[in-house]
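Colleague: Could you take me through the aromatic rings of this model, slowly and in plain words? I would like to know which rings pair up and what lies around them.

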Amino acid sequence: VIKRIVLLAVVICLFLLPCFVRSEYLLHILILSGIFAILSASWDVLSGYTGIFSFGHAAFFGMGGYTSALLSINFGLSPWLGLIAGGITAAGLGCIIGLPTLRLRGPYVAIVTLACAIILMNICTNWVNLTNGPTGLWGIPSFPDIKIADVLTIDFSGATRINHYYLILIIMLISLYILHRIVASKLGLFLLAIRENEMAIEAMGLNVTKYKILVFSITSFFAGVAGSFYAHYIMLLTPGEFGFAPMVNILAMTMLGGAGTLLGPVVGSFFLTFLGEFLREFGEYRLVLYGLIIILTVLFMPKGILMWMFDFLLRIQKALVK
Amino acid sequence: MFNLELILQQVVYGIIMGSMYVLMAVGFSLIWGIMDMLNFAHGEFYMLGAYFTYYILTFFGINPFFSIFLVMAILFVVGIFLFRLTIAPLQNKPGWQNNTVIVTLGVSISLQNLAQIVFGERYKGIERYFNETLKFHGLAVGVDRIFIFALGLSLVIALWIIIKRTRVGLSMRAISQDREAASLMGINNNQIYIITFGISGALAGAAGGLLAPIYFIYPTVGFMPLLMAFVVVILGGLGSVEGAIYAGFILGIIESISVLFLSSAWKDVVIFMLMILVLVFKPMGLCGIKKV
């Protein structure tokens with residue numbers, strides 16, 4: 001019960017935040033945290049729950065972004081539909097990438113998915129006609145304004161970031177809710193069982209292949225949606241979006257927050273995104289400190305930040321009861 | 001265009017590059033097999049090796065042969081430090097595999113950026129170790145490449161002897177088979193871990209130092225060698241040193257031949273496609289042992 005109250009309080013705080021925070025810069029960081037929260041939470045379902053250690057999650061992110069951006073530039077598709085289209089192509093890609101990894105386990109899955117991501121990155125870099133190559137795709141249209149009967153206009157033209165913030169907040173909450181429902185359902189139980197003992201579950205007569213492909217496409221759908229939002233928010237995409245660097249972020253956020261908890265990755269995303277921006281003050285030492293703080297966090301909270309916070313709350317509770 | 005000589009030439013270059021991949025990969029593979037963790041800071045051993053070689057050669061002008069051994073000694077110590085400071089505290093705590101991944105990623109980020117501050121972000125290069133070229137029936141191979149190959153190969157053979165013929169190697173193999181049983185037989189696991197990390201660092205440092213005259217040196221130079229080590233180890237089968245040796249040479253040859261037929265921009269695509277294909281048919285790699 002306490003968990004739910006805390007959770008509700010956090011959500012309300014997130015919704016009320018723009019009333020107090022007027023800084024566009026801070027909003028920008030919050031938006032980026034939201035995008036990463038979707039990415040790492042969906043990756044957590046794949047890796048933390050199912051035990052498929054994929055290193056290709058950033059590829060789905062890039063795929064969603066490029067699909068949506070190219071469709072809106074070349075065919076004038078509305079970015080709102082682009083969000084869905086990006087998600088669907090990413091899910092399709094997830095099926096394709098999922099196939100060769102079916103018989104593999106652990107680090108083998110990691111390298112195959114990473115290889116797929118790098119192949120995509122290379123295609124993106126070398127297919128200059130379509131993707132503009134390494135210079136990146138720019139001039140991606142922003143989200144069109146929403147007009148509700150001439151009374152209310154929600155514009156995304158860039159004058160303020162508040163509307164983007166609410167949009168990503170809503171997308172994030174919906175994604176987390178759906179992911180939570182999946183994890184809490186029977187399907188989630190199967191996924192956990194696959195992680196614990198694939199042989200046993202296969203012997204029970206369940207179709208492991210089906211579930212693996214399913215979880216691959218579901219999680220990549222969310223990554224695709226996040227990528228598509230990112231494309232229309234930043235309005236610039238480069239092949240680097242597919243690569244190893246964003247994957248490292250997703251990985252670090254999920255594991256620092258606590259793998260296999262769904263909320264942990266969200267906490268991790270906010271923590272690391274803010275940390276990265278906060279450390280800008282230190283100039284060239286920024287990333288050195290960033291790495292050091294990651295190391296120290298792991299050394300002192302080996303169970304993840306979320307679990308550490310729970311333990312901390314429990315201790316306070318005990319102290320109060322005494 | 002594709003005459004036999006050209007292909008042969010590329011094969012020779014491929015074998016030479018392959019020996020470097022093997023050097024990178026066996027260290028990565030040893031750490032996986034013995035400690036059950038992936039070391040994402042492995043590329044940084046390479047980077048440090050290259051930088052140390054650069055500074056030793058430009059400031060002290062020692063013979064390249066000795067400088068490589070000096071660099072290996074330094075990297076041996078660096079590896080031990082890394083283990084002591086970041087990996088050892090995580091032992092016997094939950095989430096070992098996840099935590100070691102993030103810790104080594106953190107080390108990698110820190111070291112790369114520290115290198116950028118300390119060594120500067122300008123590309124550095126050193127002169128070739130030797131300038132002569134050997135010609136043999138139309139094949140031309142630089143003496144420096146032969147030097148690289150000879151040293152790389154002898155290091156791999158030395159490691160092979162250590163693993164198969166010495167007590168330390170016996171302990172290593174015992175731990176990789178069953179950690180608890182090995183420890184019950186009186187093996188000091190911690191000591192072996194330290195030695196493993198040291199050896200792995202020294203070998204990657206040697207690869208960095210040997211390749212320094214051929215490629216430029218910059219702070220993020222370690223990424224490709226890390227990726228290649230990963231590919232080689234997976235192709236060969238995790239934890240199998242023999243597999244890593246085969247796979248390293250095969251990969252080197254395939255890579256240099258594919259450059260002949262395709263532009264080098266698609267080189268990585270070819271390698272990764274092939275790797276995926278191999279894994280589809282042999283999910284445990286070429287010589288993988290099934291680990292439960």
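**A close look at the aromatic rings**

Modeller: Happy to! Over all chains, the count of aromatic pairs comes to 17, and please keep in mind that this is a predicted model. Let us begin with one pair, Y51(B) and F119(B), whose ring centres lie 4.2 Å apart with 20° between the planes. Planes under 30 degrees apart count as stacked, so this pair of Y51(B) and F119(B) is a stacked one. Now find the two partners along the chain: Y51(B) belongs to helix 2 (residues 42-60) of chain B, while F119(B) belongs to helix 4 (residues 96-119) of chain B. They are 68 residues apart, and the pair links distant parts of the chain. Are these two residues buried or exposed? Y51(B) and F119(B) are both buried.

Rings can also join into a group. Ring pairs connect W43(A), F53(A) and F55(A) with F28(B), F40(B) and F230(B) in a cluster, so you will find members from chain A and from chain B there.

Next, look at rings that have a charge over them. In chain A, K210(A) lies over the face of Y211(A), 5.2 Å from the ring centre. In chain B, the ring of W160(B) has the charged end of K164(B) over it, at 5.2 Å from the centre.

Methods
Residues numbered from 1 in each chain as written. Chains lettered and ligands numbered in written order. Predicted model: local features only at pLDDT ≥ 70, side-chain atom pairs only at ≥ 80, totals over all residues. Heavy atoms only, no water. Phe/Tyr/Trp six-rings, centres within 6.5 Å; stacked < 30°, edge-to-face > 60°. Helix = DSSP H or I, 4+ residues; strand = E, 2+ residues; numbered from the N terminus. Buried < 20%, exposed > 50% of the residue type's maximum accessible area, 1.4 Å probe, protein only. Lys NZ or Arg CZ within 6 Å of the ring centre and 35° of its normal.
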